[in-house]
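Biologist: Could you take a close look at one spot in this model for me? I'd like to hear what sits around it and how the neighbouring pieces pack.

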Amino acid sequence: SKLRNAILTASYNMESESWLHISTEAKDLVRSMLVLSPKKRIPIIEIFNHPWIKNVGLILINAIVNSE
């Protein structure tokens with residue numbers, strides 16, 4: 001199928017309307033996780049240290065603190 005082929009070849013487009021409100025940092029993280037070669041793919045430790053993950057974590061912590 002078309003979707004299966006796109007997945008197997010890591011063919012994706014982040015220019016569609018679905019991606020308009022997604023930050024550049026989030027797109028960067030997704031791209032680095034969708035690399036076909038496991039040796040070239042972002043390691044889990046780097047995912048946790050990625051700026052987007054860190055920013056989301058701060059937002060969640062602030063939301064929790066401010067909701068109490």
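Modeller: Sure, starting with the overall build: the protein chain has 4 helices and 0 strands, so reading from the N terminus you get α-α-α-α. Keep in mind that this is a predicted model. The C-alpha trace spans about 50 × 30 × 20 Å along its principal axes. Its radius of gyration is 15 Å, whereas a compact globule of 68 residues would come out near 11 Å. Buried residues make up 12% of the 68 residues. As for contacts between residues at least 6 apart in sequence, 36% of them join residues at least 24 apart.

Now the close-up, which is on His-50. You'll find His-50 in the loop between α3 (44-48) and α4 (51-67). Is His-50 buried or exposed? With a relative accessible area of 7%, His-50 falls under the 20% cut-off, so it counts as buried. Its side chain reaches the backbone nitrogen of Trp-52 at 3.0 Å. Leaving aside residues up to four places away in sequence, His-50 touches Glu-25, Asp-28 and Leu-29.

Those partners bring us to the helix pair next door. Two packed helices are described by the angle between their axes and the distance between the axes. For α2 (residues 24-33) and α4, the angle is about 125 degrees and the axes are 8 Å apart. That angle lies outside the 65 to 115 range for roughly perpendicular and is not over 145, so α2 and α4 are oblique to each other. On the α2 side, the contact is made by Glu-25, Ala-26 and Leu-29; α4 brings Pro-51, Trp-52, Ile-53 and Asn-55. By type, the residues of this contact divide into 5 nonpolar, 1 polar and 1 charged. Glu-25 and Leu-29 therefore turn up twice, as residues that His-50 touches and as part of the α2 contact with α4, while Trp-52 takes the side chain of His-50 at its backbone nitrogen and also belongs to the α4 side.

Looking at α2 by itself, its buried residues are Ala-26, Lys-27, Leu-29 and Ser-32. These pack against α3 and α4.

For contrast, have a look at α1 (residues 2-9): of its 8 residues the number buried is 0, so this helix lies largely in the open. Just after α1, Ala-10 takes a positive phi of about 55 degrees.

Notes: Residues are numbered from 1 along each chain as its sequence is written. This is a predicted model: local features need pLDDT of at least 70, side-chain atom pairs count only at pLDDT 80 or more; totals for chains, interfaces and linings use all residues. Side-chain values use heavy atoms; hydrogens and water are left out. Helices (H or I, at least four residues) and strands (E, at least two) are DSSP runs, numbered from the N terminus. Buried means under 20% relative accessible area, exposed over 50%, partly exposed in between (1.4 Å probe, protein chains only). A polar contact is a pair of N or O atoms within 3.5 Å; within protein, one must be able to donate a hydrogen and the other to accept it, and residues adjacent in sequence count only if both atoms are side-chain atoms. Contact means heavy atoms within 4.5 Å. Axes are lines fitted to C-alpha atoms, for helices over the stretch in contact, and angles run from 0 to 180 degrees between N-to-C directions. Angles under 35 degrees count as roughly parallel, over 145 as roughly antiparallel, 65 to 115 as roughly perpendicular and the rest as oblique. Ala, Val, Leu, Ile, Met, Phe, Trp, Tyr, Cys and Pro count as nonpolar, Asp, Glu, Lys and Arg as charged, and the others, Gly among them, as polar. The radius of gyration is taken over C-alpha atoms; the globule rule is 2.2 Å times the number of residues to the power 0.38.
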